[in-house]
Amino acid sequence: GICILAWFVMITRLFAILRTRHPQVYESLGKPTLFMNNSVQNNIATLRFLLGRQFAGIDDIPLKKLCSFMRIFFFCYLALFFFGVGGIMLLYQIYPQ
């Protein structure tokens, strides 16, 4: 729960920075928002922006720091999720009900 809340806070901050300081980038991502303009296409574009390090060429240190942290956070969360699911499946096989 707390990780999801943290992601929502970070992504909202990212969208605000892009909307106000880098409107062309924001528009290229489909003008995403947390709820109102949240589509699969916008989500894919945003993940490509983050995971593909497309932010690296933008001259904005706070944006780069936020995006770099979000990449690390995303990969850690993904790893924890898969290890958690794998662990539960393993325990279920060892101790079936």
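**Exercise 1. Find the contacts of Asn-42 and decide whether Asn-42 is buried or exposed.**

Step 1. Set aside neighbours within four places in sequence; Asn-42 is then in contact (heavy atoms within 4.5 Å) with Leu-29, Gly-30, Pro-32 and Asn-37.

Step 2. Place the residue. Asn-42 sits in helix 3, residues 40-51. Helices here are DSSP runs of H or I with at least four residues, strands are E runs of at least two, and both are numbered from the N terminus.

Step 3. Apply the cut-offs: buried is under 20% relative accessible area, exposed is over 50%, and partly exposed lies in between, with a 1.4 Å probe and protein chains only. Asn-42 has 7% relative accessibility, so it counts as buried.

Before going on, note the basis. This is a predicted model, in which local features need pLDDT of at least 70 and side-chain atom pairs count only at pLDDT 80 or more, while totals for chains, interfaces and linings use all residues. Residues are numbered from 1 along each chain as its sequence is written, and side-chain values use heavy atoms, leaving out hydrogens and water.

**Exercise 2. Describe the fold and its spread.**

Step 1. Count elements. The protein has four helices and zero strands. Their order along the sequence is α-α-α-α.

Step 2. Test against the globule rule (2.2 Å times the number of residues to the power 0.38, with the radius of gyration taken over C-alpha atoms). The radius of gyration is 16 Å, well over the 13 Å given by the rule for 97 residues, so the protein is more spread out than a compact globule.

Step 3. Add the spans. The C-alpha trace covers about 55 × 25 × 20 Å along its principal axes.

**Exercise 3. Work out which elements build the largest nonpolar core.**

Step 1. Define the core: buried Ala, Val, Leu, Ile, Met, Phe, Trp, Tyr and Cys residues joined through side-chain atoms within 4.5 Å.

Step 2. Size it. The largest core has 20 residues, and Leu-14, Phe-49 and Met-70 have the most contacts inside it.

Step 3. Assign elements. Helix 1, helix 3 and helix 4 each give two or more residues to this core. Helix 1 gives the most, with seven.

Step 4. Check one hub. Beyond four places in sequence, Leu-14 touches Thr-46, Phe-49, Leu-50, Leu-63, Leu-66, Cys-67 and Met-70.

**Exercise 4. Classify Phe-75.**

Step 1. Locate it. Phe-75 belongs to helix 4.

Step 2. Use the cut-offs from Exercise 1. Phe-75 has 42% relative accessibility, so it counts as partly exposed.
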